[in-house]
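Biologist: Please show me the model, and then let me ask about it piece by piece.

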Amino acid sequence: MILVQLNKDDYAYDIHSLVKAFYPSENVSVCTVLKDSEDPVRLRMQVDYLTNEIRLALCEPEPITDVFAVNGSDRIGTKNLLKQHIYKLLSEHTGKTLPWGTLTGIRPTKIAMNLLEEGKTEADVAQYMEKTYGTSAQKIALSLEIAQRERSLLQRLDYEKGYSLYIGIPFCPSTCLYCSFTSFPLSQWGKRVDEYLDALEQEIAFTADRFSDKHLDCIYIGGGTPTTLSPRQMDRLLTMLERSLDLSQLLEFTVEAGRPDSIDREKLEVLCAHGISRISINPQTMKQETLDLIGRRHTVEQTVDSFYLARSMGFTNINMDLIMGLFQETLADVRNTLARVKELAPDSVTVHSLAVKRAARLQMFKEDYAGLTMVNTQEHLDAAEQACAQMGMAPYYLYRQKNMAGNFENVGYAKEGKAGVYNVLMMEEKQSIVACGAGSISKRLYPDGRIVRCENVKDVTLYLAKINEMIERKRKLFTDLEE
């Protein structure tokens, strides 16, 4: 265990995130009061907030101290300075550097985007990110490239008069080993899917009424796995959206087909009939042994067959998700996956670095998976970037998560004209997003840049029972929208 003791509970979350980045496989405890634990303490750090200064001490194996002055009235400046000093101590102690430096937030490109919009040059942005966060030159360059591409992409949107819509379908054929999203096995919930659609219909009706004076830019149906819906249920949902909402100004409509074992011709015919512009078919890997290990109950052949079926039916904007750092996979396995994907020639690829969260089965039952190894290096990401470039794709959005393998990032690559607008909106938080369904999160963006969120309950049973409460939460969130 890595133990960080504070004399008061300031910046605890930021400290935890940074220390965890150095020690991803360790339990990290950040506290003001010591608690009993059976875990042996591998490293102990003390953080004392004093008048106009902070004192750090690494207590093991030999005491190392660092005292530095702070401006108590500048909370953001104090946080950044504290993280810089902790980073320096841990980097010297471990011999490690982190590609993103002290950055632990999920939206690095937002920093670059905001500075560019303020009129800063790329050189100014690079200097700021290196000095403030210690971000590597390679990651700064990636952030700048994506921020510039995002700015161009988002010029198509009218933030004041537009909004986007997320629809969550929380059902899956099975739950992956690493997954912590809101998902429920269809085998147990199949008889209640129509009841779930009943509740969704109420949320969609509210959205149509509340946003009748706005135009809808993007719809994203995600999950879970939306194509666990039967053809009849999918047709019901899409018809519901068409009847309730004005789709005449829609820039993008994405449906995650996701799991190849949930795709068939009849479902794709329904999507075609409703003019869906973008779908995802997500292999994650093209190594069968890995698919079996992580609980994805489909074959590599099903991925290939589903992709070619969709192409033959006229889908011209297909995304594929891949995960770097999957258990027991070597760099050779990753290169083989990339070669197979290149043969398919999708229109966009999202390259994820595996992030295992507390709610994932892997974390909840660690003892059952103690022998699994996760390896993710810059060489893995470079191979993916090279493969995407060879397919004519460029990076267009980026985000990070806690506990990512290798402390890296997720990057979306796309061919010209095939970038996912909704993905960029989610990362840069430039527009209000209404989210319907269990576990979904609505966001209201205010003119002054403030963002207020409203969450739906995750449990499907609770969602069905409290649908009126969910709608009322949105009503309060979006009251006086025109202001």
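**Cores, sheet and single residues**

Modeller: This is a predicted model. Its largest nonpolar core has 112 residues, and those with the most contacts inside it are Ile 167, Ile 221, Leu 237 and Tyr 463.

Biologist: Which helix gives the largest share of this core?

Modeller: The core in question is the one with 112 residues. Eight of its residues come from one helix, spanning residues 193-210. That is helix 7.

Biologist: Which residues of strand 10 does Ile 221 contact, leaving aside neighbours within four places in sequence?

Modeller: Strand 10 covers residues 252-258. The contacts of Ile 221 include Ile 167, Ile 169, Pro 226, Leu 237, Leu 238 and Leu 241. Those that fall within strand 10 are Phe 253, Thr 254, Val 255 and Glu 256.

Biologist: How many residues does the second, separate core have?

Modeller: Ile 2, Ala 12, Ile 54 and Leu 58 are among its members. The count is 28 residues.

Biologist: Which strands stand at the edges of the open sheet of five strands?

Modeller: The strand order is 2-1-3-4-5, with mixed pairing. Each edge strand has a single partner, so one side of each is left without a neighbour in the sheet. On average, neighbouring strands are turned by 10° against each other, direction ignored. The edges are strand 2 (28-31) and strand 5 (64-69).

Biologist: In which sense do strand 1 and strand 3 pair?

Modeller: Strands of a sheet can pair in either of two senses, through backbone hydrogen bonds. Here strand 1 (residues 2-6) and strand 3 (residues 43-50) are joined over five bridges. Gln 5 stands opposite Gln 46 in strand 3. The sense is parallel.

Biologist: What angle does the direction of helix 2 make with that of strand 4?

Modeller: Take helix 1 (residues 12-22) to begin with: it packs on the sheet, touching strand 1, strand 2 and strand 3, and its direction makes about 160° with that of strand 2. Helix 2 (residues 75-94) also packs on the sheet, touching strand 3, strand 4 (53-58) and strand 5. The angle between helix 2 and strand 4 is about 20°.

Biologist: Which side chain makes a polar contact with the side chain of Thr 254?

Modeller: Thr 254 lies in strand 10. Thr 254 counts as buried because its relative accessibility is 0%. Leaving aside neighbours within four places in sequence, it touches Ile 219, Tyr 220, Ile 221 and Arg 278. The polar contact, at 3.5 Å, is with Arg 278.

Biologist: Is Ile 281 buried or exposed?

Modeller: Ile 281 sits in strand 11 (residues 278-281). Its contacts beyond four places in sequence include Ala 257, Gly 258, Phe 307 and Met 320. Another contact is Ser 306, which is 25 residues away in sequence and 7.7 Å away in space, C-alpha to C-alpha. With a relative accessible area of 0%, Ile 281 is buried.

Biologist: Why is Cys 218 not bonded to the closest cysteine sulfur, in Cys 436?

Modeller: A disulfide is a covalent bond between the sulfur atoms of two cysteines. The cut-off for counting one is 2.5 Å. Cys 218 is buried, at 0%. Its sulfur is too far from that of Cys 436 for a bond, because the gap is 15 Å.

Biologist: How many disulfides does the count come to?

Modeller: Cys 31 is in no disulfide, and the nearest cysteine sulfur, that of Cys 59, is 12 Å away. Cys 31 counts as buried, at 8% relative accessibility. The disulfide count is zero.

Notes: Residues numbered from 1 in each chain as written. Predicted model: local features only at pLDDT ≥ 70, side-chain atom pairs only at ≥ 80, totals over all residues. Heavy atoms only, no water. Helix = DSSP H or I, 4+ residues; strand = E, 2+ residues; numbered from the N terminus. Buried < 20%, exposed > 50% of the residue type's maximum accessible area, 1.4 Å probe, protein only. Contact = heavy atoms within 4.5 Å. Pairing = 2+ DSSP bridges. Axes fitted to C-alpha atoms, helices over the stretch in contact; angles between N-to-C directions. Polar contact = N/O pair within 3.5 Å; in protein donor to acceptor, adjacent residues only side chain to side chain. Core = buried A, V, L, I, M, F, W, Y, C linked by side-chain atoms within 4.5 Å.
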